[in-house]
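This report is meant for a reader meeting the structure for the first time. It begins with the whole chain and then turns to single residues and their surroundings.

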Amino acid sequence: MAAPPSENSDNSDNSENSDNRENLAIRISSPQGKWILFTTVLGSSMALLDSTVVNVALPWIGRDLDADLAVLQWTVNAYMLTLAGLILLGGALGDRFGRRRIFVLGVVWFAVASLLCGIAPNAGVLIVARALQGIGGALLTPGSLALIQASFHPDDRGRAVGLWSGFGGMGAAVGPFLGGWLVDGPGWRWVFLLNIPLAALCVPVALRHVPESADPRAHGRFDVLGAGLGALSLALVTYALIEAGQRSAVLVTVMAVAGVAAGVAFVYVEHRRKDPMMPLGIFSSRQFSAVNIVTLCVYAAFGGFFFLAALQLQVVSGYSALGAGTALLPITAIMLLLSARSGELGERIGPRIPLTVGPLVCAAGMLLMLRVGKDASYVTDVLPALLVLGLGMVTLVAPLTATVLASVDTEHAGLASGVNNAAARAAGLIAVAGLPVLTGMGAEAYRSADAFDSAFDRAMPLCAGVLVAGAVLAYATVRRPAPDCRHPECRTHCCVTAPPLEGGAEEVPTAKE
């Protein structure tokens, strides 16, 4: 029988934790600190780039693979589906088995899936490879931020997160331009193949310079069943929406009902499990529940817009891929330059006004996109709409994240951020699946400028209406948070597919051999 722990053993444990803190308290000015920033920015940029460059390549993918609109929808949604469904599980795996280990696994997985995308001989292989890419993204995306928070000295952690989000934002901002250049140059396959040299650079640096760490509080069984049911529900509903009007009504109805049933089963499993992936108790906060509904409205509109806008500029307005990618740069540039100031403004005046005004400004921007048709002038038609949309987005994103964090206890801040991020991605994929059928966009619409332009003109008011609904809900439900609440660490952000991820409460990191 083992002897009970003595006072000396407690002191030994405390000494070990002190040593671990010292080992992982890396200064940002040190060579190792710079390498950690480099590899985490590089890894997260792979996923951020992929979220912005693929839309620009869609018309060329469709022509090369002789694919209909449904294939283009699945090319976007297969990635978003697995990423949204598994991102919470990916963070939990890193906490348990080691953040560096899971981050490196995610980077390698993402690179291999990118290779499969790049050499895909047909649409079916491309869609499967995109789903695999999303799994890699779910492993590396939460891991990059977790590595920074676990590795750096507390005095440097805020600056490190700021540099990580800033440099990562620059990567996301250049994504549409880079994607357009690749599509018009070597071809759309290089949009995916570009990830391979990035991963080849990222992995050796991570293995050599990034210390391993884990969360000593992580325990219990992984909620694989919950993650599977969540992803299955999204997949079935997405299938029903994309195939509506193309497949038999009976099949579409069966898939839709099965998707809802899987969603109900997900809620049941999360309610009964001891260690659920998404504890439902977090929704007991009315503010948290309300702001997540606002998130669904906002990011559904954003997801639908960015999917259709890249096609509208190329199919209808006659832009090249490079021209379309460059045309969208003002949105990410505005977010990159002004997101930190928007966050400061939200802290001074409270989140209610920004979360009301921001969606309304975005709605105005989308209505201005109705001016973008054949032979549209960039300066007088496209640019004003994008500037207004960018100003609306930068107004709302930082206060949205701040409200999510303030609506729960500090110890649940990381979970709340992960749930909100997953909700935004799920809203985007549902919008990409549902908007074409709601606007009567046929399977070959993207091959016809007239047909696509008509559907686009019906889609923008729908997106604007969803944004107005989000603004009304925010005005009715969002209140000023307590002064001592948790504030966001990611001050600079320009990803258009989801709000920034935030880490959990500060913990004592455990070094792993």
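Of the 513 residues of the protein, 56% count as buried, and it should be kept in mind from the start that the model is a predicted one. The secondary structure consists of 17 helices and two strands. For a chain of 513 residues, a compact globule would have a radius of gyration near 24 Å, and the protein, with 22 Å, agrees with that value. Along the principal axes, the C-alpha trace spans about 80 × 50 × 50 Å.

The contacts can be described by how far apart their partners stand in the sequence: among those between residues at least 6 apart, 85% join residues at least 24 apart. The surface that the protein exposes amounts to about 20,500 Å², and carbon and sulfur atoms supply 64% of this area. As for charge, there are 33 positive and 36 negative side chains, and the centres of these two sets lie 2 Å apart.

**The nonpolar core**

In soluble globular proteins, nonpolar side chains tend to be buried together. In this model the largest nonpolar core has 149 residues, and those with the most contacts inside it are Phe302 and Phe305. Helix H11, which covers residues 286–316, gives the largest share of this core, namely 17 residues. When residues up to four places away in sequence are not counted, Phe305 touches Ile331, Met366, Met369, Leu386, Leu389, Met460 and Cys463.

Helix H11 also holds Val315, a residue that counts as buried because its relative accessible area is 14%, under the 20% cut-off. Leaving aside neighbours within four places in sequence, Val315 is in contact with Tyr446, Ser448, Ala449 and Phe452. The C-alpha atoms of Val315 and Asp450 are separated by 9.2 Å, although these residues are 135 residues apart along the chain.

**Buried residues in loops**

Three further buried residues have their place in loops, and each can be described by its surroundings. Pro351 lies in the loop between helix H13 (329–349) and helix H14, and its relative accessibility of 6% places it among the buried residues. Apart from neighbours within four places in sequence, Pro351 is in contact with Gly346, Pro399, Thr403, Val478, Arg479, Arg480 and Pro481.

Val210 is found between helix H8 (195–209) and strand S1 (213–214), in the loop that joins them, and it is buried, with a relative accessible area of 1%. Its contacts, again without neighbours within four places in sequence, are with Ile36, Thr39, Arg100, Leu147 and Val205.

Thr492 belongs to the loop between helix H17 (449–477) and strand S2 (510–511). At 18% relative accessibility, Thr492 counts as buried, because the cut-off is under 20%. Beyond its neighbours within four places in sequence, Thr492 is in contact with Ser165, Gly166, Leu336, Ser339 and Ala340.

The table below sets separation along the chain beside C-alpha to C-alpha distance for pairs that include these residues.

| Pair | Separation in sequence | C-alpha to C-alpha distance |
|---|---|---|
| Pro351 and Ala402 | 51 residues | 7.8 Å |
| Val210 and Arg458 | 248 residues | 50 Å |
| Thr492 and Gly168 | 324 residues | 9.0 Å |

**Two exposed aspartates with positive phi**

Where in the chain does Asp66 lie? Asp66 is placed in the loop between helix H2 (31–65) and helix H3 (69–97). The phi angle of Asp66 is near 50°, which is a positive value in a residue other than glycine. Is Asp66 buried or exposed? Asp66 counts as exposed because its relative accessibility is 63%, and the cut-off for exposed residues is over 50%.

Asp375 can be described along similar lines, with its place in the loop between helix H14 (352–368) and helix H15 (378–406). Phi of Asp375 is near 55°, a positive value that again occurs in a residue other than glycine. With a relative accessible area of 73%, Asp375 is exposed.

Terms used:
Residues numbered from 1 in each chain as written. Predicted model: local features only at pLDDT ≥ 70, side-chain atom pairs only at ≥ 80, totals over all residues. Heavy atoms only, no water. Core = buried A, V, L, I, M, F, W, Y, C linked by side-chain atoms within 4.5 Å. Buried < 20%, exposed > 50% of the residue type's maximum accessible area, 1.4 Å probe, protein only. Helix = DSSP H or I, 4+ residues; strand = E, 2+ residues; numbered from the N terminus. Contact = heavy atoms within 4.5 Å. Rg over C-alpha atoms; globule rule 2.2 N^0.38 Å. Areas by Shrake-Rupley, 256 points an atom, 1.4 Å probe, with all protein chains shown as cover. Lys, Arg positive; Asp, Glu negative; His and termini not counted. Charge placed at Lys NZ, Arg CZ, Asp CG, Glu CD.
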